[in-house]
Amino acid sequence: MNNKYDFSPLSKSEMALAVESEQAPSMGYWQDAWIRLKKDKAAMLGMGFIVLMMLAAIFIPMFSSISYEDQDFARTNMAPTMEHLFGTDNLGRDMLIRVLYGARISLSIGVVASLINLFIGVLYGGISGFVGGRTDRIMMNIVDILYSVPTLLYVILLMVVFKPGLLNIYIALGISYWLQMARIVRGEVLKIKEQEFVLASRSMGASPARILLKHLIPNSLGVIIVSLSLSIPDAIFTEAFLSFIGLGVSAPMASWGVLCSDGINTLGAYPFQLFFPAVAISLTMLAFNFFSDGLRDALDPKMRR
């Protein structure tokens, strides 16, 4: 009698083909997020502009024969030409180099804000949410007190102690900029710390520091990264505003806020002196917002189709 079914063992190649035909290729969380981010044209356009701005701000002034503070009184208030693509200001300084040097200052502010959020805000909020109880209430009360004071007031108070400059902005950001991140991370840790994998780590004898650094904070990275990307344009605008009103970078340094402040005075006669730094601020803010929105959607598991 012929057997209807063949029970002979499969070879290794046949087994591999069977597994491949029945199982879809596995994809990690970050791989899936990157694929979804690449599909967002606005986010990729924003990321491309940010990368180009960073490269231009770093390398063009580095290899240029003209410095941001070089003055040429024979070429003051020149309109844009092939020699000076953005024209010159009232002291004959090249506007293109000054705008790119201002990009260095603005992007450095964004980097400082990110580092402060990472090293202070994430750890502070993580510890507060993980410990809980009275410690959590005390730590959050400190955050509420600091958060109630505007950043502008911190800068004004610092000017009494230090001279106006970039240092004031760095210190003001160090005092106040991590507070929102601490609140966000605390909320995420409060949601995660009672899940099964955290309880399993506790039952296996893992130390609180290991649970916080190896489990809670890594599982909050999606929210942390999105918050960081949203905080960078806010920090850039804060620096530009403070420099515009004379509380940040001062001449001859070329901040976007300083350039806009100088351009206001010559708006009627030489509008290009305000146009180029204003466009640089607007495009950078727009690029970061596009990229942040796309990154938020890419890292949100609910957006997965």
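In the predicted model, helix 3 comprises the 23 residues 41–63, and because a rise of 1.5 Å a residue gives an expected span of 33 Å, the separation of 32 Å between its end C-alpha atoms agrees with that expectation. The helix nevertheless carries a kink of about 25°, centred on Ala 56, and Ala 56 is itself among the buried residues of helix 3, which also include Ala 43, Gly 46, Ile 50, Met 53, Ala 57 and Pro 61. At the start of helix 3, a side-chain oxygen of Asp 40 comes to within 3.2 Å of the backbone nitrogen of Ala 42.

Helix 3 belongs to a protein chain that contains 13 helices and zero strands. Of the 305 residues in this chain, 40% are buried, and among contacts between residues at least 6 apart in sequence, 68% join residues at least 24 apart. Helix 12, spanning residues 256–265, has Trp 256, Gly 257, Val 258, Leu 259, Cys 260 and Gly 263 buried, and the buried residues of this helix pack against helix 3, helix 4 (95–131), helix 11 (221–244) and helix 13 (272–299).

Side chains of opposite charge can pair when their charged atoms come close, and the count of salt bridges comes to nine. One of them joins Asp 89 and Arg 98 at 3.8 Å, N to O, with both residues buried. In another, the side chains of Arg 186 and Asp 136 meet at 2.7 Å, N to O; since Arg 186 lies in helix 8 and Asp 136 in helix 5 (residues 133–147), the pair ties together parts that are 50 residues apart in sequence. Arg 186, at 23% relative accessibility, counts as partly exposed, whereas Asp 136, at 7%, counts as buried. Salt bridges with shared partners also join Asp 72, Arg 75 and Glu 83 into one network, within which Arg 75 and Asp 72 meet at 3.7 Å, N to O. Both of these residues count as partly exposed, Arg 75 at 29% relative accessibility and Asp 72 at 30%.

Lys 193, in the loop between helix 8 (179–192) and helix 9 (196–203), is buried yet has no salt bridge, the nearest side chain of opposite charge being that of Glu 194 at 4.7 Å. A polar atom of the Lys 193 side chain lies 2.9 Å from the backbone oxygen of Gly 129, and the side chain also reaches the backbone oxygen of Phe 130 at 3.5 Å. Leaving aside residues up to four places away in sequence, Lys 193 touches Gly 129, Phe 130, Gly 132, Val 198 and Leu 216.

Technical notes:
Residues numbered from 1 in each chain as written. Predicted model: local features only at pLDDT ≥ 70, side-chain atom pairs only at ≥ 80, totals over all residues. Heavy atoms only, no water. Helix = DSSP H or I, 4+ residues; strand = E, 2+ residues; numbered from the N terminus. Expected span 1.5 Å × (residues − 1). Bend = angle between axes of the 7 residues up to and from the residue. Buried < 20%, exposed > 50% of the residue type's maximum accessible area, 1.4 Å probe, protein only. Polar contact = N/O pair within 3.5 Å; in protein donor to acceptor, adjacent residues only side chain to side chain. Lys, Arg positive; Asp, Glu negative; His and termini not counted. Salt bridge = Lys/Arg side-chain N within 4 Å of Asp/Glu carboxyl O. Contact = heavy atoms within 4.5 Å.
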